[in-house]
Amino acid sequence: MHQHQTDYTPAISVVIPCFNEQDNLKNLVERVVAACADVSTGSFEIVLVNDGSKDKPWPMIADFADNSQYIVAVNLARNYGHQLALNAGLQICRGDIVMVMDADS
């Protein structure tokens with residue numbers, strides 16, 4: 001597992017397992033960041049877990065994390081399935097409130 005993590009404790013964490021969502025990621029991140037910013041006054045994190053996708057979203061996820069204090073990136077070595085990818089994200093999220101959503105929502 002590879003992750004990018006920041007040093008603050010957010011009020012809200014949103015954990016999103018991603019499998020073959022390359023075409024959806026940019027829009028997803030923009031929308032979730034905007035929604036979190038509206039309700040949390042900037043105290044949030046979005047944990048994107050790449051679950052061994054075949055369509056290569058990892059460079060996008062890593063770039064989001066490198067360029068945003070709000071994004072935490074996790075890269076699983078292979079496809080472990082939704083529940084284990086979700087568990088990986090839940091293990092590292094730090095928010096007082098934790099929300100879970102699917103990348104294709």
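Helix H3, which covers residues 82–92, has Ala85, Leu86, Ala88, Gly89 and Ile92 as its buried residues, where buried means under 20% relative accessible area, exposed means over 50% and partly exposed lies in between, computed with a 1.4 Å probe on protein chains only. Seen down the axis of H3, these buried residues fall within an arc of 155 degrees, so they line one face of the helix; the arc is that of the directions from the helix axis to the C-beta atoms. The face of H3 turned away from the buried side carries the exposed residues Gln83 and Gln91. The labels used here follow DSSP runs, with helices (H or I) of at least four residues and strands (E) of at least two, numbered from the N terminus.

The model is a predicted one, in which local features need pLDDT of at least 70 and side-chain atom pairs count only at pLDDT 80 or more, while totals for chains, interfaces and linings use all residues. Residues are numbered from 1 along each chain as its sequence is written, and side-chain values use heavy atoms, with hydrogens and water left out.

Helix H2 can be read in a similar way. Its buried residues are Trp58, Ile61, Ala62, Phe64 and Ala65, and, seen down the axis of H2, they fall within an arc of 155 degrees, so they line one face of the helix. On the other side of H2, the residues Pro59, Asp66 and Asn67 are exposed.

Helix H1 takes in residues 22–40, and its 19 residues reach 27 Å from the first C-alpha to the last, close to the 27 Å expected at 1.5 Å a residue, the expected span being 1.5 Å times one less than the number of residues. H1 nevertheless has a kink of about 25 degrees, centred on Leu28; the bend at a residue is the angle between axes fitted to the seven residues ending there and the seven starting there. Leu28 is also one of the buried residues of H1, together with Leu25, Val29, Val32, Cys36 and Ser40. What covers these buried residues includes strand E2 (12–18), strand E3 (44–51), helix H2 (58–67) and strand E4 (71–76).

Two loop residues deserve a separate look. Thr41, in the loop between H1 and E3, has a positive phi of about 50 degrees although it is not a glycine, and at 78% relative accessibility Thr41 counts as exposed. Lys56, in the loop between E3 and H2, likewise is not a glycine and has a positive phi of about 65 degrees; Lys56 is exposed, with a relative accessible area of 61%. Between Lys56 and Ile46, which are 10 residues apart in sequence, the C-alpha to C-alpha distance is 19 Å.

The interior of the model can be followed through its nonpolar cores. In the largest nonpolar core, which has 21 residues, Val14, Ile16, Val32, Ile46, Leu48 and Ile71 touch the most other members; such a core is a set of buried Ala, Val, Leu, Ile, Met, Phe, Trp, Tyr and Cys residues joined through side-chain atoms within 4.5 Å. The elements giving two or more residues to this core are E2, H1, E3, H2 and E4. A second, separate core of 11 residues includes Val47, Val49, Val74 and Leu86. In soluble globular proteins, nonpolar side chains tend to be buried together.

Val47 offers a view from strand E3, where, at 0% relative accessibility, Val47 counts as buried. Leaving aside its neighbours within four places in sequence, Val47 is in contact (heavy atoms within 4.5 Å) with Val14, Val15, Ile16, Val72, Val74, Gly89, Ile92 and Cys93. Val47 and Gly95, 48 residues apart in sequence, are 11 Å apart in space, C-alpha to C-alpha. In strand E4 lies Ala73, which at 0% relative accessibility also counts as buried; Ala73 and Val49 are 24 residues apart in sequence and 6.2 Å apart in space, C-alpha to C-alpha.

A search of the whole structure finds 1 aromatic pair, and it is formed by Phe44 and Tyr70, which are stacked at 4.1 Å centre to centre with 10 degrees between the planes. Because Phe44 lies in strand E3 and Tyr70 in the loop between H2 and E4, the pair ties together parts that are 26 residues apart in sequence. Rings of Phe, Tyr and Trp (its six-membered ring) pair if their centres lie within 6.5 Å, and planes under 30 degrees apart count as stacked, over 60 as edge-to-face and the rest as tilted. Both Phe44 and Tyr70 are buried.
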